[in-house]
Amino acid sequence: FVAMLGMLGIGLAVSLGAARAIARPLERLAEVAAQAESGDLSVRAAVDGEKEVALVATAFNKMLAALEEDLARREAIEADLERARDELEDRVAARTAELADANEELGAVNEEMAAANEELSSMNEELLSLNEELGNANRDLEVANRTVAEASRAKADFLAAMSHELRTPLNSVIGFSDIMLREMAGPLTGEQRRQLEMVRSSGSYLLTLI
């Protein structure tokens, strides 16, 4: 019986030692889990002790590494989204400012076009008035041209008649002057010849003008 008690005591001691060997790594694993739960995913559990406990610690460390990588990736995505949002806001603000400037320029252009249209309308009215005046002037010019043409014909008729009426007596004057200068009507004195030559010269000059 004493031997059995001794063996039982030894068994209990061995069990308690084994329990302590298993419980100690589990406690450290629980501490690491608490740190990870508080937000520190960089902690890692010590891989030692019994094989089962080491496997649990290894799996736990892999989980922490995956969570840390996922968190880093999520933070990077959130940072990218934040930058993209800031860039989008800046682009929207810049585009809004550009559109405001464009609208302002368009308003100024519209005002200029309205003023130009008014000026063009005024010019069209002036052109219509000028065209009307030009039409009246053309009609007056046609009347004046007909009057000038009639006056030109009358002048031509007058000049033709006057030329004929003047040439006949001038030719007679010149002819009689030649006859007298040839002394066909009798001898001439020097003064008479000089006077007759003046008459013939003046008659010839008038005949040339006519």
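**A quick tour of a three-helix chain**

Let's start with contacts, meaning heavy atoms within 4.5 Å: among those with a separation of 6 or more in this chain, 46% link residues 24 or more positions apart. Keep in mind that this is a predicted model, where local features need pLDDT of at least 70, side-chain atom pairs count only at pLDDT 80 or more, and totals for chains, interfaces and linings use all residues. Residues are numbered from 1 along each chain as its sequence is written, and side-chain values use heavy atoms, with hydrogens and water left out.

**Overall build**
- You'll find three helices and zero strands here (DSSP runs: H or I of at least four residues for helices, E of at least two for strands).
- Read from the N terminus, the order is α-α-α.

**Surface and burial**
- Of the 210 residues, 10% are buried (under 20% relative accessible area, 1.4 Å probe, protein chains only).
- The chain exposes about 16500 Å² (Shrake-Rupley method, 1.4 Å probe), and carbon and sulfur atoms supply 61% of that.

**The largest nonpolar core**
- Nine residues form this core: L29, V32, A36, L41, V43, A45, A57, F60 and L64.
- A nonpolar core is a set of buried Ala, Val, Leu, Ile, Met, Phe, Trp, Tyr and Cys residues joined through side-chain atoms within 4.5 Å.
- Beyond its neighbours within four places in sequence, A57 touches L29, A45, A46 and V47.

**A look at S177**
- S177 sits in helix α2 and is buried, with a relative accessible area of 4%.
- Leaving out neighbours within four places in sequence, S177 is in contact with L196, V199 and R200.

Notes: Buried means under 20% relative accessible area, exposed over 50%, partly exposed in between (1.4 Å probe, protein chains only).
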